[in-house]
Amino acid sequence: MKHTLIISPPGCGKTTLLRDIIRNLSDGNKRLNVRGYRIGVVDERGEIAACHQGVPQLDVGLRTDVLDSCPKTLGIYMLLRSMGPEIIAVDEIGGVDDAKAIQDALKAGVKIIATAHAGTFDEIKVRAGFKEMIENSFLM
């Protein structure tokens, strides 16, 4: 499993792709001899799992824990401290605080799957937070 950053402009299906990746990695695939992973999702805006009364309404897999309506930065640290995820998934990384929390998760040995708004990877490379992750070899 590798770290994954999905980038594209708004409205191009990043969140849908993220959800499908989460579900497939969480469930695993016996036919392909792929085990399932423990995944923690920080669903800040409720778009990944669409929880209702704490229950995901969209299929995010059997081994997935969802923190609904939780700020990304706080949620990443909560997952690291209490849930023992192998993978953390977040939607729409935006600022330096998000990037710092992700770097801390990476240092803890957790894989990251995330999305970000951008037209090209070159746009990502100059944004605050991302620039530091790339310079420190956390991305790429």
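User: Which residues are buried in helix H3?
Analyst: Let's sort out the words. Helices (H or I, at least four residues) and strands (E, at least two) are DSSP runs, numbered from the N terminus. Buried means under 20% relative accessible area, exposed means over 50%, and partly exposed is in between (1.4 Å probe, protein chains only). In H3, the residues that count as buried are Asp98, Ala99, Ala101, Ile102, Gln103, Asp104, Ala105 and Leu106.

User: What kind of model is this?
Analyst: Residues are numbered from 1 along each chain as its sequence is written, and side-chain values use heavy atoms, with hydrogens and water left out. Local features need pLDDT of at least 70, side-chain atom pairs count only at pLDDT 80 or more, and totals for chains, interfaces and linings use all residues; what you have here is a predicted model.

User: Which elements do the buried residues of H3 pack against?
Analyst: H3 runs over 96-107. Contact here means heavy atoms within 4.5 Å. The buried residues of H3 pack against H2, S6, S7 and H5.

User: How far apart are the end C-alpha atoms of H3?
Analyst: The expected span of a helix is 1.5 Å times one less than its number of residues. H3 has twelve residues, so it should span 16 Å. The distance between its end C-alpha atoms agrees with that: 16 Å.

User: Which element supplies the largest share of the largest nonpolar core?
Analyst: A nonpolar core is a set of buried Ala, Val, Leu, Ile, Met, Phe, Trp, Tyr and Cys residues joined through side-chain atoms within 4.5 Å. The largest one has 19 residues, and Ile76, Ile88, Val90, Ile102 and Ile112 touch the most other members. At least two residues of this core come from each of H2 (72-82), S6 (87-90), H3 (96-107), S7 (111-117) and H5 (130-135). The largest share, five residues, comes from H3.

User: Which residues does Ile102 touch?
Analyst: Ile102 is one of the buried residues of H3. Leaving out residues up to four places away in sequence, it touches Ile76, Val90, Ile93, Ile112 and Met133.

User: How many residues are in the other core?
Analyst: This core lies apart from the largest one. Leu18, Leu25, Val41 and Val60 are among its members, and its size is 14 residues.

User: Is Gly109 buried or exposed?
Analyst: Gly109 follows H3, with a positive phi near 90°. You'll find Gly109 in the loop between H3 and S7. Its relative accessibility is 55%, so it counts as exposed.

User: What is the phi of Asn33?
Analyst: Asn33 sits in the loop between H1 (14-27) and S2 (39-43). With a relative accessible area of 73%, Asn33 is exposed. Its phi is positive, in a residue other than glycine, and lies near 60°.

User: Which residues does Glu92 touch?
Analyst: Glu92 is in the loop between S6 and H3, and its phi is also positive, near 55°. It is partly exposed, with a relative accessible area of 22%. Not counting residues up to four places away in sequence, Glu92 touches Arg45, Glu47, Lys72, Asp98, Thr115, Ala116 and His117.

User: What distance separates the C-alpha atoms of Glu92 and His117?
Analyst: His117 is among the residues that Glu92 touches. The two are 25 residues apart along the chain, and their C-alpha atoms are separated by 6.6 Å.

User: Which residues line the second largest cavity?
Analyst: On a 1 Å grid over the protein atoms alone, a cavity is a set of points where a 1.4 Å probe fits but cannot get out, and lining residues have an atom within 4 Å of a point. The whole structure has two cavities of 30 Å³ or more. The second largest holds about 30 Å³ of space, and its lining is Val42, Asp43, Glu44, Arg45, Glu47, Ile48, Lys72 and Asp91.

User: How many residues of that lining are charged?
Analyst: Ala, Val, Leu, Ile, Met, Phe, Trp, Tyr, Cys and Pro count as nonpolar, Asp, Glu, Lys and Arg as charged, and the others, Gly among them, as polar. In the lining of the second largest cavity, two are nonpolar, none are polar, and the number charged is six.

User: Which residues is Thr15 in contact with?
Analyst: Thr15 is in helix H1. Its relative accessibility is 15%, so it counts as buried. Setting aside neighbours within four places in sequence, Thr15 is in contact with Glu47, Ile48 and Asp91.

Conventions:
1 Å grid on protein atoms, 1.4 Å probe; cavity = no way out; pocket = protein on both sides within 12 Å on 5 of 7 lines; lining within 4 Å. Points joined across faces, edges and corners; volume = space filled by probe spheres on them.
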